[in-house]
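Here is a short briefing on side-chain contacts and surface features. Keep the structure open while reading.

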Amino acid sequence: MKVGNPTSRIHEKDAARAILSAMLISDETGGDTSCKRYNLADDNPAPRNEVMAFGHELLDDSNLLPSETPKPSSRRRPSEREKRRKTDKKRVENKRMKESLLPEGLLYPTYREGLKAVLDINKEKWR
């Protein structure tokens, strides 16, 4: 399997916690956090194919994969987004976010914990 370009991602709960933390810091200190920029990302930028393979494995281990996976049409042209995925590199540094907004750490430090949590929450619904 060809290794793709690493991209950063973040679980929605960690993103929400960071945003709320930034708002609370501003309220508590009377300071203005509007001029500060924070990269919201987990600790493990990874190629999309690696993340998708892990998700596939989780679904397979839970017997949640469909019996047949539809094949993409060979006639369809790839979208601009699909083309970008092959060249995008979105590795970002999350040090400031973790130090200032989430000093207690991320709930989901990598895509692995995040995908496991998504599966756990939805497993019964998806059966």
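The largest nonpolar core has 7 residues: A46, V51, F54, L58, L64, Y111 and L119. Helices α2 and α5 each supply at least two of them. The largest share, 3 residues, comes from α2. This is a predicted model.

**Core and aromatic pair**

- In soluble globular proteins, nonpolar side chains tend to be buried together.
- Two of the core members, F54 and Y111, are both buried.
- A search of the whole structure finds 1 aromatic pair. The ring centres of F54 and Y111 lie 5.7 Å apart and the planes meet at 80°, so the pair is edge-to-face. The cut-off behind that label is an angle over 60 degrees.
- F54 belongs to helix α2 (residues 48–61) and Y111 to helix α5 (residues 111–126), so the pair ties together parts that are 57 residues apart in sequence.

**Charge over a ring**

- Which residue lies over the face of Y38? R96 does, at 5.8 Å from the ring centre.

**Salt bridges**

- How many salt bridges does a search of the whole structure find? There are 5.
- E104 and R17 are one such pair, with a distance of 2.5 Å from N to O. E104 sits in the loop between α4 (95–101) and α5, while R17 sits in helix α1, so the contact ties together parts 87 residues apart in sequence.
- E104 counts as exposed because its relative accessibility is 57%, and the cut-off for exposed is over 50%.
- E50 and R112 form another salt bridge, with the closest N and O atoms 3.5 Å apart. This pair also links distant parts of the chain: E50 is in helix α2 and R112 in helix α5, 62 residues apart.
- Both partners count as partly exposed: E50 has 30% relative accessibility, and R112 has 33%.
- E124 pairs with R127, the closest N and O atoms being 3.9 Å apart. Both residues are exposed.
- Salt bridges that share partners join D14, R17 and E104 into one network.

**Links between α2 and α5**

- Two kinds of side-chain contact link these helices. One is the aromatic pair of F54 in α2 and Y111 in α5. Another is the salt bridge between E50 in α2 and R112 in α5.
- The core also draws on both: α2 and α5 each supply at least two residues.
- Burial sets the two pairs apart. F54 and Y111 are buried. E50 is partly exposed, and R112 is partly exposed too.

**Nonpolar surface patch**

- Which residues form a nonpolar patch on the surface? They are I19, L20 and M23, with about 300 Å² of accessible area together.
- I19 is placed in helix α1 (residues 12–29). Is this residue buried or partly exposed? I19 is partly exposed, because its relative accessible area is 46%.
- Helix α1 also holds R17, the salt-bridge partner of E104.

**Backbone at N63**

- Most residues other than glycine have a negative phi, and most peptide bonds are trans.
- N63 has a positive phi of about 55°, although it is not a glycine.
- Where is N63 found? N63 is in the loop between α2 and α3 (80–85).
- N63 counts as exposed because its relative accessibility is 65%.

Technical notes. Residues are numbered from 1 along each chain as its sequence is written. This is a predicted model: local features need pLDDT of at least 70, side-chain atom pairs count only at pLDDT 80 or more; totals for chains, interfaces and linings use all residues. Side-chain values use heavy atoms; hydrogens and water are left out. Rings of Phe, Tyr and Trp (its six-membered ring) pair if their centres lie within 6.5 Å; planes under 30 degrees apart count as stacked, over 60 as edge-to-face and the rest as tilted. Helices (H or I, at least four residues) and strands (E, at least two) are DSSP runs, numbered from the N terminus. Buried means under 20% relative accessible area, exposed over 50%, partly exposed in between (1.4 Å probe, protein chains only). A charge sits over a ring if NZ of Lys or CZ of Arg is within 6 Å of the ring centre and within 35 degrees of the ring normal. Patches are made of residues with over 30% relative accessible area and no salt bridge: like charges are joined within 9 Å, nonpolar side chains (Val, Leu, Ile, Met, Phe, Trp, Tyr) within 5 Å. Accessible areas come from the Shrake-Rupley method with a 1.4 Å probe; for residues, only the protein chains shown count as cover. A salt bridge is a side-chain nitrogen of Lys or Arg within 4 Å of a carboxyl oxygen of Asp or Glu. A nonpolar core is a set of buried Ala, Val, Leu, Ile, Met, Phe, Trp, Tyr and Cys residues joined through side-chain atoms within 4.5 Å.
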